[in-house]
Amino acid sequence: MHFRDQTIFALSSGRPPSAIAVVRLSGSEVNKAIRALVGKVPAPRRATRALLRAADGQPIDDAVVLYFPGPRSATGEDVAEFQIHGGRAVLASLFAALSRIENIRAAEPGEFTRRAFENGKLDLTEAEGLDDLIRADTDRQRRQALRQLRGFLGDKARDWRAQIIEAQALIEAGIDFSDEGDVPAELTAPALAKIGKLLDEIENVLATESPGERLRDGLVVAIAGPPNVGKSTLMNQLARREVAIVSPHAGTTRDIIEVQLDLDGYPVTVIDTAGIRETDDPVEQEGVRRARARAAEADLVLWLTDAESQELRPQGESPVWRVRNKIDLVATAETLRGGKTGEKTFVISARHGDGIAELLSALVGFAQDFFGATEGGLIARARQRDLLQQAAASLQRSIAAIGKGEELAAEDLRSAAYALGRLLGRVDVEDILDVIFREFCIGK
């Protein structure tokens, strides 16, 4: 039996040890596997308690078995689930018993979802949404991924593609009846109206859909500044736990430290960088180089200084907020709030927590502006945006070609339909399937 046709199995629940573990199987040999372990196949879609036994008759575990015959299953194939106790030894025994059955093997990452895709259970945008849902760290990421999984973009793309094919058929019919007087014009006019409406819809989606892609990766905030001004202490305050070493000695932080935060549902990565200064230490020099590079790439830089420092903020394209630390060591904080015109300034005590709530509130506001109105968004990945842009460009060319050469217009419509087909994963996408599905976890 070919490798791709073999029955697969994998742990589909959390890492052991756990109270319960779920082991899934999918493929044509599922019935054989159930009979080998249980003795008989249970009624479909009914949880059945059974004692699992290895080939030599030794008991493996007291389990719950479910059987889902294809095509009415998650993958479109026969599927089984063994709900067992989640100890490592139990899992190892079950995996060993399954591996001894001919044409049954351990699944590769994303192989269950890929089979569901190949069997028409979901399109490629929905598969990407499933991956994003599994990886979602915040509620806003979860909601966006769920929209993808529910087919919001896929349904739109299928409808657009169907209308493009209809317009293409009208234009090609006009070509076929080119010798029938006014028949081509009667067919071309409705096709042109349909194409124009479709182009407007796709361009509207493209024009409003930048933030959704960034929501997957999150906002990057870099804490930068000279040595020994409290960057690591501020990092710990924002994270609400000890993630960075705090020391009175300058140059303690020499590499990049990152922590993931959930700010009002927005994913934010905060970076603690090495103190920026001139130094002869080659290790610290490398830390300073990395600090400058990450600050330049960040979406927002918190330039941290001592309360009374007049050190200039860094130059770059990223927005910079001046954060004056150690206000507990000066007489008053009010005189420190002023900065250059247009410069946002905060005064805090990273050690005691003064001003941290105000800074966090401002970061939430910045995230809201940065991500924009992501609710209702359709595009979540650069791949999706690129293919929609290709479809829109082909539609624009087809409109320009009508009247000059219907054959060229029909070919451009074919290109637009092809781009949407690639978006859904229904035409010529073998080159990207491996890239997408190998990023999935094993068992999904």
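In this tour a residue counts as buried when its relative accessible area is under 20%, as exposed when that area is over 50%, and as partly exposed in between, using a 1.4 Å probe and protein chains only. The model is predicted, so local features need pLDDT of at least 70 and side-chain atom pairs count only at pLDDT 80 or more, while totals for chains, interfaces and linings use all residues. Residues are numbered from 1 along each chain as its sequence is written, and side-chain values use heavy atoms, with hydrogens and water left out.

**First stop: helix H6**

Select residues 152–176, which make up helix H6; helices here are DSSP runs of H or I with at least four residues, strands are runs of E with at least two, and both are numbered from the N terminus. Within helix H6, show the side chains of Arg158 and Asp155, which form a salt bridge whose closest N and O atoms are 2.7 Å apart; the term means a side-chain nitrogen of Lys or Arg within 4 Å of a carboxyl oxygen of Asp or Glu. Arg158 and Asp155 are separated by about one helical turn because they lie three residues apart in the helix. Asp155 is partly exposed, with a relative accessible area of 44%, and Arg158 is also partly exposed, at 36%.

**Second stop: helix H3**

Next, select residues 111–118, helix H3, where Arg115 and Glu111 are four residues apart, which means about one helical turn between them. Their salt bridge has its closest N and O atoms 3.7 Å apart. Arg115 is buried at 4% relative accessibility, and Glu111 is buried at 7%. Now add Glu77 and Arg105 to the selection, since these two residues are linked with Glu111 and Arg115 in a network of salt bridges.

**Third stop: a link between distant parts**

Select Arg381 and Asp132, whose side chains meet in a salt bridge with an N to O distance of 2.9 Å. Arg381 sits in the loop between helix H11 (356–371) and helix H12 (382–401), whereas Asp132 belongs to helix H4 (residues 124–135), 249 residues apart. Arg381 is buried at 9%, and Asp132 is buried at 10%. A search of the whole structure finds 20 salt bridges.

**Last stop: paired strands**

Finally, select strand E1 (residues 7–11) and strand E2 (residues 18–26), which run antiparallel and are joined by four bridges; two strands pair if DSSP finds at least two bridges between them. A hairpin of six residues connects E1 to E2, and Phe9 has Leu25 in E2 as its bridge partner. Then add strand E5 (residues 79–86), which pairs with E2 in the antiparallel sense over eight bridges; there, Ile84 is the bridge partner of Ala21.
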